[in-house]
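Q: I am new to this structure and would like a close look at one part of it. Please keep the sentences short and show how that part sits in the whole.

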Amino acid sequence: ILECCRNAKIREIQMNELNKIAEEMANYSDMLVESGLLHLKGGNYSVRLGKDLIITPTKCFKKDLVPEKLLCAKIDSDEEVKNASSVLSMHRAIYRKTDAKAIIHAHPYYASLLSFYIDEIRPLDENGLLYLGRQIQVVAAQKFMQWYEVDEDMANAMIDCPVAILKWHGAFAKGDTLAQAFHNTQALESTARFYWDIWRNKSTLPKPQLPDYIKTPNWLKDF
């Protein structure tokens, strides 16, 4: 009887946790869409739960998430999970190699667009430097939708940086919470917009002034 009581209590705790996770994922989905960082059915999110991760299903409307729709996967496993996000293996790799407790994969427009032209981003603004560090890597899968081929490259890119870009596609951001991962996604998009606005104004404005502690990217040296 005592064992049954313990199991019931564990299930109650787990369900409460899953309710909280589902609600939080739905809230941040709305915020990502409203911020222009994601399409309504795009992207995916996960959180670490002990030795497991809880992840969104593929191609779902995240704003309608309920615990029953969330999927659980072992982090230290390559076992397939039916209906899980198409980048489940990348989430697993990031959790294995980094301190991530939550991950958001979104499609920020300007950051994704930059990846068509360059293979790293060096933040020019102080906030970008403060939040994201000196270098953001762009990771490229050489075949269409074969993202699993660069799982380890993406994880390595995020050991010392909270974000990385999947070339031609979107961004991954980690954090202690989904809130922090969302914040880092916003910071990445803001940094990318600085790049684009400087480029756009190249013919009408003088060369931008940068502090000494900003390492000037190569494209800006030829401004």
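How do the residues of the lining of the second largest pocket divide into nonpolar, polar and charged?

A: A word on the source comes before the pocket. This is a predicted model.

The lining of the second largest pocket divides into 3 nonpolar, 5 polar and 8 charged residues. The space in this pocket is about 210 Å³. Its lining counts 16 residues, and those closest to the centre are Asp 78, Glu 79, Leu 88, Ser 89 and Arg 92. Two elements, H2 and helix H5 (151–157), each give two or more residues to this lining. H2 gives the most, with 5 residues.

That makes H2 worth a closer look. Helix H2 runs over residues 88–97. It is mostly covered, with 7 of its 10 residues buried. The buried ones are Leu 88, Met 90, His 91, Arg 92, Ala 93, Ile 94 and Tyr 95. Two of these names have come up already: Leu 88 and Arg 92 are among the residues closest to the pocket centre. A general point about helices helps here. An α-helix has 3.6 residues a turn, so residues three or four places apart point the same way.

Tyr 95 of H2 leads on to a strand. Arg 48 touches Tyr 95, and also Leu 53, Ile 75, Thr 98, Ala 100 and Lys 101, leaving out residues up to four places away in sequence. Arg 48 lies in strand S1, which covers residues 44–49. Ala 100 is 52 residues from Arg 48 along the chain, yet their C-alpha atoms are separated by 7.8 Å. Arg 48 has a relative accessible area of 29%, so it counts as partly exposed.

Next comes helix H6, for comparison. Helix H6 spans residues 178–200, and Asn 184 has its place there. Asn 184 counts as buried because its relative accessibility is 3%, under the 20% cut-off. Its contacts, beyond residues up to four places away, are Tyr 131, Leu 132, Pro 162, Val 163, Ala 173 and Lys 174.

Thr 191 lies in helix H6 too. Its relative accessibility is 0%, so Thr 191 counts as buried. Outside its neighbours within four places in sequence, Thr 191 is in contact with Ile 121, Pro 123, Asp 125, Gly 128 and Leu 132. Leu 132 is thus touched by Asn 184 and by Thr 191. Thr 191 and Leu 124 stand 67 residues apart in sequence, but 7.2 Å apart in space, C-alpha to C-alpha.

Now the cysteines. The structure holds 0 disulfides. In general, a disulfide is a covalent bond between the sulfur atoms of two cysteines. Cys 72 is partly exposed, because its relative accessible area is 45%. Cys 161 has 4% relative accessibility, so it counts as buried.

Last, the whole protein. There are 7 helices and 8 strands in its secondary structure. Of its 223 residues, 47% count as buried. Its accessible surface comes to about 12,300 Å², and 51% of that belongs to carbon and sulfur atoms. Contacts can also be sorted by distance along the chain. Among those between residues at least 6 apart in sequence, 59% join residues at least 24 apart. The pair Arg 48 and Ala 100, 52 residues apart along the chain, shows such a separation.

Technical notes. Residues numbered from 1 in each chain as written. Predicted model: local features only at pLDDT ≥ 70, side-chain atom pairs only at ≥ 80, totals over all residues. Heavy atoms only, no water. Buried < 20%, exposed > 50% of the residue type's maximum accessible area, 1.4 Å probe, protein only. Helix = DSSP H or I, 4+ residues; strand = E, 2+ residues; numbered from the N terminus. Contact = heavy atoms within 4.5 Å. Areas by Shrake-Rupley, 256 points an atom, 1.4 Å probe, with all protein chains shown as cover. Disulfide = S-S within 2.5 Å. 1 Å grid on protein atoms, 1.4 Å probe; cavity = no way out; pocket = protein on both sides within 12 Å on 5 of 7 lines; lining within 4 Å. Points joined across faces, edges and corners; volume = space filled by probe spheres on them. Nonpolar A, V, L, I, M, F, W, Y, C, P; charged D, E, K, R; others polar.
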